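Work through the exercises below with the sequence and the model open. Each task is followed by a solution in steps.

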Amino acid sequence: MLEQIFYLAAVIARPSEEEKPLLTALCTAADAELSRQLKDGIRPEDCGDAFPCAAALLAAAGLLPCRSEENAEQFTVGDVSVRTGGGGQACETAAAMRRQAAGMMAPYRGDGEFAFQGVKG
């Protein structure tokens, strides 16, 4: 499934050759993260296309803010100052991708909530 996750993440993020090892690691981490969140008895394969799509979105969301040219909003060299409008956009896009991944996996996720049981108040 990691190959499918990487393929989808690469379509989303369009990594350079230098970024591919990082994207591969991010795909592995996204796979592990989503696998840990699954309800008991549910495997990644049971989620259909939702699992690889969500993992790919998480991996791509991890890569986007790492791109230095997208993080720079303003810099100055000598007397020349350059301002770009997209510095915060990468982080906003990444956050939207994480929300979309969470939505895709919502039916398959375990509760994940912490509760005290048997504690007298």
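**Exercise 1.** Take Asp46 and decide whether Asp46 is buried, partly exposed or exposed.

Solution. The model is a predicted one. The relative accessible area of Asp46 is 38%. Buried would need a value under 20%, and exposed a value over 50%. Asp46 is therefore partly exposed.

**Exercise 2.** Find the salt bridge that Asp46 forms, and then the network to which Asp46 belongs.

Solution. The test is a side-chain nitrogen of Lys or Arg within 4 Å of a carboxyl oxygen of Asp or Glu. Arg43 and Asp46 pass, with their closest N and O atoms 3.2 Å apart. Arg43 also pairs with Glu45, where the closest N and O atoms are 3.9 Å apart. Arg43 is a partner in the bridge to Glu45 and in the bridge to Asp46. Through shared partners, Arg43, Glu45 and Asp46 form one network.

**Exercise 3.** Classify Arg43 and Glu45 by their accessibility.

Solution. Arg43 has a relative accessible area of 48%, and Glu45 has 49%. The cut-off for exposed is over 50%. Arg43 therefore counts as partly exposed, and Glu45 is likewise partly exposed.

**Exercise 4.** State how many salt bridges the structure holds, and describe the one between Glu17 and Lys20.

Solution. The structure holds three salt bridges. In one of them, the side chains of Glu17 and Lys20 meet at 2.8 Å, N to O. Side chains of opposite charge can pair when their charged atoms come close. For the surroundings of this pair, look at each partner in turn. Glu17 is exposed, at 57% relative accessible area. Lys20 is partly exposed, at 29% relative accessibility.

**Exercise 5.** List the secondary structure elements of the protein chain in order.

Solution. Begin with the totals: the protein chain has five helices and two strands. Then read from the N terminus, which gives the order α-α-α-α-β-β-α.

**Exercise 6.** Describe the protein chain by its burial, its contacts and its surface.

Solution. For burial, 29% of the 121 residues in the protein chain are buried. For contacts, consider those with a separation of 6 or more: residues 24 or more positions apart account for 70% of them. For the surface, the protein chain exposes about 7,900 Å², and carbon and sulfur atoms supply 53% of that area.

Notes: Residues numbered from 1 in each chain as written. Predicted model: local features only at pLDDT ≥ 70, side-chain atom pairs only at ≥ 80, totals over all residues. Heavy atoms only, no water. Buried < 20%, exposed > 50% of the residue type's maximum accessible area, 1.4 Å probe, protein only. Helix = DSSP H or I, 4+ residues; strand = E, 2+ residues; numbered from the N terminus. Contact = heavy atoms within 4.5 Å. Areas by Shrake-Rupley, 256 points an atom, 1.4 Å probe, with all protein chains shown as cover.
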